[in-house]
Amino acid sequence: MKAIKFFMIFGLLSVVMLSFSAFDQDEWVVPEKYENMKNPTDPSVDLDIGKQIYSKHCQSCHGKQGYGDGKKADDVEGDLGDFSTAEFQSQSDGALFYKSYIGRNDMPNYEKKIPDEEDVWLVVNYMRTLAE
């Protein structure tokens, strides 16, 4: 009888612990190293290059205006975000760099597709222009 009670309590605790970990997966934690990174590029220079790279690699999911309404958006399970919102724009450049370059889940890693990190910074600069 004690064994059954033990396994029931253990099972219940396991379910509770797993449910809490499911909530954590929605939060995208950016490592401090990236959070505090400074953008080495001038946002007023080479904005057209950032836009071209965005159009090639990002627009199909995130949409032309960054609303998360690209042609492939319906194929993605996670939240694509809305780059025009104050919440999105309040993130540090380093956080946007990390999320755009390293990725996670449905957001692919771009370290091989965009090997020059400066190009990713140019995309970050372009994403800043999508604020409302």
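This report walks through the fold, one helix, a salt bridge, a charged patch and a few backbone details of the model above.

**Overall fold**

The model is predicted, so everything below describes computed coordinates. Its secondary structure consists of 7 helices and 0 strands, which read along the sequence as α-α-α-α-α-α-α. The protein has 132 residues, and 34% of them count as buried. Its accessible surface is about 9200 Å², with 56% of that belonging to carbon and sulfur atoms. Among contacts with a separation of 6 or more, 63% are between residues 24 or more positions apart.

**Helix α6 and its surroundings**

A good place to start is helix α6, which spans residues 93–101. How many of the residues of α6 are buried? The count is 8 of the 9, so the helix is largely enclosed by the rest of the structure. The buried residues are Gly94, Ala95, Leu96, Phe97, Tyr98, Lys99, Ser100 and Tyr101. What do they pack against? Their partners are α2, α5 and α7.

Asp93 also belongs to α6, but this residue counts as partly exposed because its relative accessibility is 21%, while buried means under 20%. After the helix comes Gly103, with a positive phi near 70°.

**The salt bridge**

The protein has 1 salt bridge. Which side chains form it? They are those of Asp93 and Arg128, with an N to O distance of 2.7 Å. The pair ties together distant parts of the chain: Asp93 sits in α6 and Arg128 in helix α7 (residues 117–128), 35 residues apart. Arg128, like its partner, is partly exposed, in this case at 24% relative accessibility.

**A negative patch**

Turning to the surface, Asp42, Asp46, Asp48, Glu111, Asp116, Glu117 and Glu118 form a negative patch. Two of its members can be placed in more detail. Asp48 is part of helix α3 (residues 47–57) and is exposed, with a relative accessible area of 59%. Asp46 lies in the loop between α2 (32–35) and α3; its relative accessible area of 37% makes it partly exposed. Asp46 also has a positive phi of about 60°, although it is not a glycine.

**Loop residues worth a look**

Asn105 is another residue other than glycine with a positive phi, here near 45°. You will find Asn105 in the loop between α6 and α7. Is Asn105 buried or exposed? Asn105 is exposed, because its relative accessible area is 67% and the cut-off for exposed is over 50%.

Tyr67 lies in the loop between α4 (59–62) and α5 (86–89). Leaving aside residues up to four places away in sequence, Tyr67 touches His62, Gly81, Asp82, Ser84 and Glu132. One of these, Gly81, is 14 residues from Tyr67 along the chain, and their C-alpha atoms are separated by 6.8 Å. Even with these contacts, Tyr67 is partly exposed, at a relative accessible area of 39%.

**Accessibility side by side**

The table collects the residues discussed above.

| Residue | Relative accessible area | Class |
|---|---|---|
| Asp93 | 21% | partly exposed |
| Arg128 | 24% | partly exposed |
| Asp46 | 37% | partly exposed |
| Tyr67 | 39% | partly exposed |
| Asp48 | 59% | exposed |
| Asn105 | 67% | exposed |

How values were computed. Residues are numbered from 1 along each chain as its sequence is written. This is a predicted model: local features need pLDDT of at least 70, side-chain atom pairs count only at pLDDT 80 or more; totals for chains, interfaces and linings use all residues. Side-chain values use heavy atoms; hydrogens and water are left out. Patches are made of residues with over 30% relative accessible area and no salt bridge: like charges are joined within 9 Å, nonpolar side chains (Val, Leu, Ile, Met, Phe, Trp, Tyr) within 5 Å. Accessible areas come from the Shrake-Rupley method with a 1.4 Å probe; for residues, only the protein chains shown count as cover. A salt bridge is a side-chain nitrogen of Lys or Arg within 4 Å of a carboxyl oxygen of Asp or Glu. Lys and Arg count as positive and Asp and Glu as negative; His and the chain ends are not counted. The place of a charge is taken as NZ of Lys, CZ of Arg, CG of Asp or CD of Glu. Helices (H or I, at least four residues) and strands (E, at least two) are DSSP runs, numbered from the N terminus. Buried means under 20% relative accessible area, exposed over 50%, partly exposed in between (1.4 Å probe, protein chains only). Contact means heavy atoms within 4.5 Å.
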